[in-house]
Amino acid sequence: MASSYPSSFDCLDQERPNIEFIRTIVLSISQPIQGFLSNPKARKLVKSNCFSKLKKNQNHEEFFEFSEQSILSNLYWGIESFEAAVLAICTEERSNRLKKSEEMLQSPALLEEHGVTAGVPNNYLVCCSYFYLSAIRELQGDHWQAALHFLQALSVSPKLTQTEFAPKICRSLLRSCGISPMDHHNDDEQHCKLLRNMARGYKAWLTYYQVMSYNGSPLKQFEKVHPLDNQESNLEEHTGRLGDMLKEYQSDSSVSVDSNDSCFEEEEDDVFEVKSSENYKCFVLEHQSAYMEEKLYGKDSQYDELMTILEKTVSKLCFSDELIRFDRDYYNFVKVYGLLSNKNGVKYTLLKDIILDQLLAAISTSKEVGLIRASVSILSTLVSGNKSVIEQVMKKGLQLRDLANALKKNVQEAAVLIYLTNPSPIEIKTLEILPSLVEIICTSSNAVKGRLDLLLPTPYSASLMIIEVLVTTFDNTTNNMHLAAINAPRVLAGLLDIQSYNNMKEYTSLATILIRCMQFDGKCRKYISEFAPVAPFIHLLSCKQEHAMSVSLKYFHEILRMPRSSANKLLRRIIGEGNVNTMHTLFLIINKSQHEHEHKLLAANLLLQLDMLGGSPGKSIYREEALEFLLESVTSEPGSANQKLSAFLLSNLSGTYSWSGQPYIVAWLLKKTGLSNFHHQNMIRNFNWLDESMQDADLWCSKIARILIKTGEPVFRSLENGLRSGTKMVYRDCLAAIAWIGCEIVKCPEDIKHKACDILLNEVQKFLHPGLELEERLLACLCIYKYTSGKGMQKLIHFSEGVRESLRRLSTITWIAEELLRAADYFHPNKWRISCVHTQVVEASQKNNGAVTALIYYKGLLYSGYSDGSIKGWEIKGQTATLISDVKDHRKTITCFTLFEAGNCLLSASMDKTIRMWQMVQNKLECIEVIGTTEPIQSLDSYRKQILAISLSHEMKVFDTSSMDRDITKAKNVKCMKVIHGKVFIGCMDSSIWEIDLCKNQDREIKPASKVWKMQSRPISSIAVYKEWLYCSSLTVEGSSIKEWRRQNKPHVTIVPEGGNHVQAMEIVEDFIYINCNQSPSTLQIWLRGTQQKVGRLSAGKNITSLLVANDMVLCGTETGVIKGWIPL
């Protein structure tokens, strides 16, 4: 049967049909459609068939009412609107209804041919849509476009078109081609193939003649052309039309052929930029060749070349059944699009749409990386030349996931296009392209970094700006997840490996990313400080854009948060590369009113450090201006962001930082108070007390302090104002600044010292009182010691009784308090009166975790262990407890905590027969080691590298670095213990107490077992040590100096609780002994340590299950999960 088809049709793709033949095809389609429009029965039949097909495949009666079937709904109402337009009498009404119908039919027409939508095959929906679109165009008088739509319907589904929609039109079309209608049932598949090929061929030629015609409709333009026998003259006619188009284009150009640039200078600037290194080189070579050809052969040579390119490109677009090889014809397609970019009209728009469609098809369907790369490069170039192109390709269905897939195939140019499409942060995150972006950062060569001579961003620049979005716009958890992916030496090396300093936008994004990296993990700060260039960030300071300037200031502020010696090296680099201009730029930022206050503060801070590093002995206008602005900000609105920032900058101006960016000025000052006890240090913030960077501030601090002291009263007045602020951050930072200035003021003349003392002392002493954080009390103590040194000691006479009591309680922690107390008593002896009033200062509760079975301070947080195995960290601020962390690695009840100084760790024991070792990692508690035991542990303590444990069966074990346990004492049935100064005091089940020297590995009994039968069954429940006194509890509380215990083996004092109750727990705070007995498990009895008198009780509400004393405060945990704390006034 195939042989019965005319050979002329087989040659359709090889021979160019003339316009008369094409006109015949259009008319053979147009006339039957007009008959269809005038036949109500035919329209009703087609409509009925279509609707029955739709409803047959629906599960719902009203398919068009559901949003998930919106495409079918558009088809339904599109057909209804078409019918209404055919019946409309008014011309305006018909026009509006046809327009509305066409808009709704576009949606199903754009579906993929293969697939199913809401139960209906897509080929049916597409075919039906194009058939009705052809009828709409015919009704509008556009015969050519009507024919194109009908041919599209026929190519999608020849069988449906011939059997259900337009059998007469198909027969008419076959006759116009000289083909007799056949009984297609004999060979249905072969007949459909014939119709599909015929439709595709005619559609291509119709499109070709539509594009190549220049003025008016193709039917009119080629009306006088002779038919098939005059192919040569026909080709010349088309060539003439192309020539007209090129001449008109050249007449619009503002650049002559004789100029040094191409006659397409404007288009080339916008279009011919390719960021693939290979494609870019190819383009440059081709462009140079074209330029030389123009110079050698003149204007006609270039004109002929463009004619050839246009003819070749249009033919490929119209007749290729496969994806266009953009990688082979890159230059031609860019040239053609540039040629058409400034032209209006359907023919130009159609050709540009075809180019874009082919590009999108190549990107979404091709499996060849080279073809995808070329397609992405062309599309990026077109977008950069004409911003409206991006809107067009998005409407045409450009999918970000297709670009993401291309990027994951190492098509780096896709990053450029993703950036140019300006997706939302959520869309970027959903694409999961961060690993691919990181790879671009790591592998891009210097040749494509930081270039401004190209209009398009490079893949490196686009990746940089997309990464900036990923690390800045989400919540902390998501941002940190993205930062973790780029926080590696290899990625940082790629980020910093840039040679050009001129790309402001690129460096702004880079600075933002580096800031976030340093804030996320301070370890990368050291790498960045060593390898990051300084010049580009200095250049950003002088930028007119506020954002770029602010990012530069924040970058310098963040990177200078490192050890002082390294910070000074970086400051010298800034001075060396920027010279005086940098300082002058900072000076101008401070004095320009349009800049934000925060930016001025950061500029003032940087300017002060640069000026002070120079060490000019005389006055400096930069220094005076910056310092004045900083001090004024400290006195600004209380609690404002400006006051907080200025107080922080002033506090740390003289100090040093850890490499993690943590300020060390407070830790440096606290070490000067003699704070060396590991338990006391852990009541303070999370400092690494062994960090050598802490001692890196001595010389710098002295230098800065001398300069501020010379400024005089304004400095002290500003700090006084800061102390009065009700904001904790502000008054704490001001207290620290007063302390480090005081370290130098002791060397100043008495008049300066007295003046500062008069201004500050009254406010400083308020921070001594119990109830405040230990850090603040110690800083206040240091300030008083420094400012009242020498003759100023007489000012201690005016101290109130409350201040002296505060000093007395601090004397067990710091020698400074003891010295001040001795001096105050020398000038004005005081008879101490002890207040027994207690005030509750904190309460924290957590439900559903059971009883609070253990309490301890670690890294400035209060940690509580629970009967369900969970561990919670609380931040205690004033009377507020905030839950900071919550971990649950233990499977059973937490029995006890202790601190392990050798590893700077927290130890926890549990009924699950494990001891876990915890460390603070990036402000989170993480388990770093698990030690298994043969039985549960009920008590823990440590000394150096040894961990001491008491098992539930009352055996004492010691674990060393090998995690192996061993026995260290002859004492049996151990109940409790206390480690002090290398000695372990253990209480036994038989009421005896043993002393073990851990250094000498010797033990001896200092309190023998009781001979009274009633006492023999009462174990030592707890041991406490206070100022060389040892206290133990069982049925009674007994105490004596350690020397007396050794000498006489008996106590000096004895306290008998009410009712002869057995003591379950005991702790000591200064003058008071707190006792919890088994007969009243929900209360704490308060006894005076000196007179052994009971003075009151504290009620916890429920049974007390844990007890802790810290910073003059007694804390207890209850069986209901509540934590309460009191202080003696």
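## A buried aspartate in a turn

Let's start at one small spot: Asp1112 is buried, with a relative accessible area of 11%. That places Asp1112 under the 20% cut-off for buried residues. Its backbone also deserves a look, since phi of Asp1112 is near 65 degrees, a positive value in a residue other than glycine. As this is a predicted model, please read every value here as computed from predicted coordinates.

Where does Asp1112 lie? It lies in the loop between strand E28 (1104-1110) and strand E29 (1113-1118). These two strands make a hairpin with two residues between them, and Asn1111 in the turn has a positive phi too, of about 55 degrees.

## The strands around that turn

E28 and E29 run antiparallel and are joined by six bridges. Within this pairing, Val1109 stands opposite Val1114 in E29. On from there, E29 is also joined to strand E30 (residues 1122-1128), again antiparallel, by four bridges. Here Leu1115 stands opposite Gly1125 in E30. The hairpin of E29 and E30 has three residues between the strands, and Gly1121 in this hairpin takes a positive phi near 90 degrees.

How many residues of E29 are buried? Six of the six are, so E29 is largely enclosed by the rest of the structure. Its side chains split into two sets: Met1113, Leu1115 and Gly1117 point one way, while Val1114, Cys1116 and Thr1118 point the other way, and all are buried.

## An exposed counterpart: Asn1001

Is Asn1001 buried or exposed? At 51% relative accessibility, Asn1001 counts as exposed, because the cut-off for that class is over 50%. Asn1001 sits in the loop between strand E18 (993-997) and strand E19 (1002-1007). Although Asn1001 is not a glycine, it has a positive phi of about 55 degrees.

## Another hairpin: E12 and E13

Strand E12 (residues 937-943) is mostly covered, with six of its seven residues buried. Its partner is strand E13 (residues 946-951), and the two pair in the antiparallel sense over six bridges. One pair to look up in the viewer is Ser939, whose bridge partner in E13 is Ile950. Two residues lie between E12 and E13 in this hairpin, and Arg944 in the turn has a positive phi of about 55 degrees.

## A four-stranded open sheet

For a wider view of strand pairing, take the open sheet of four strands with the order E4-E5-E6-E7 and antiparallel pairing. Its edge strands are strand E4 (852-858) and strand E7 (880-887), each of which pairs on one side only. From one strand to the next, the twist averages 25 degrees.

Inside this sheet, strand E6 (residues 871-877) and E7 run antiparallel, joined by seven bridges. Trp874 stands opposite Leu883 in E7.

## Helices: one enclosed, two crossing

Now to the helices. Seven of the eight residues of helix H21 (residues 413-420) are buried, so H21 is largely enclosed by the rest of the structure. The buried residues are Glu413, Ala414, Ala415, Val416, Leu417, Ile418 and Leu420. They pack against helix H18 (369-385), helix H19 (388-395), helix H20 (400-408), helix H23 (434-443) and helix H24 (459-472). Just after H21, Asn422 takes a positive phi of about 55 degrees.

Two packed helices are described by the angle between their axes and the distance between the axes. The axes of helix H35 (residues 665-672) and helix H39 (residues 728-745) come within 10 Å and cross at roughly 55 degrees. H35 and H39 are therefore oblique to each other, and H35 passes H39 in a left-handed crossing. On the H35 side, Ile665, Val666, Trp668, Leu669 and Lys672 take part, meeting Ala736, Ala739, Trp740 and Cys743 in H39. By class, this contact has eight nonpolar, no polar and one charged residues.

## The whole protein

Stepping back, the secondary structure of the protein comes to 45 helices and 30 strands. The protein has 1129 residues, of which 56% count as buried. Among contacts with a separation of 6 or more, 62% are between residues 24 or more positions apart.

Methods
Residues numbered from 1 in each chain as written. Predicted model: local features only at pLDDT ≥ 70, side-chain atom pairs only at ≥ 80, totals over all residues. Heavy atoms only, no water. Axes fitted to C-alpha atoms, helices over the stretch in contact; angles between N-to-C directions. Parallel < 35°, antiparallel > 145°, perpendicular 65-115°, else oblique. Left-handed = near helix turned anticlockwise from the far one by under 90°. Contact = heavy atoms within 4.5 Å. Nonpolar A, V, L, I, M, F, W, Y, C, P; charged D, E, K, R; others polar. Buried < 20%, exposed > 50% of the residue type's maximum accessible area, 1.4 Å probe, protein only. Pairing = 2+ DSSP bridges.
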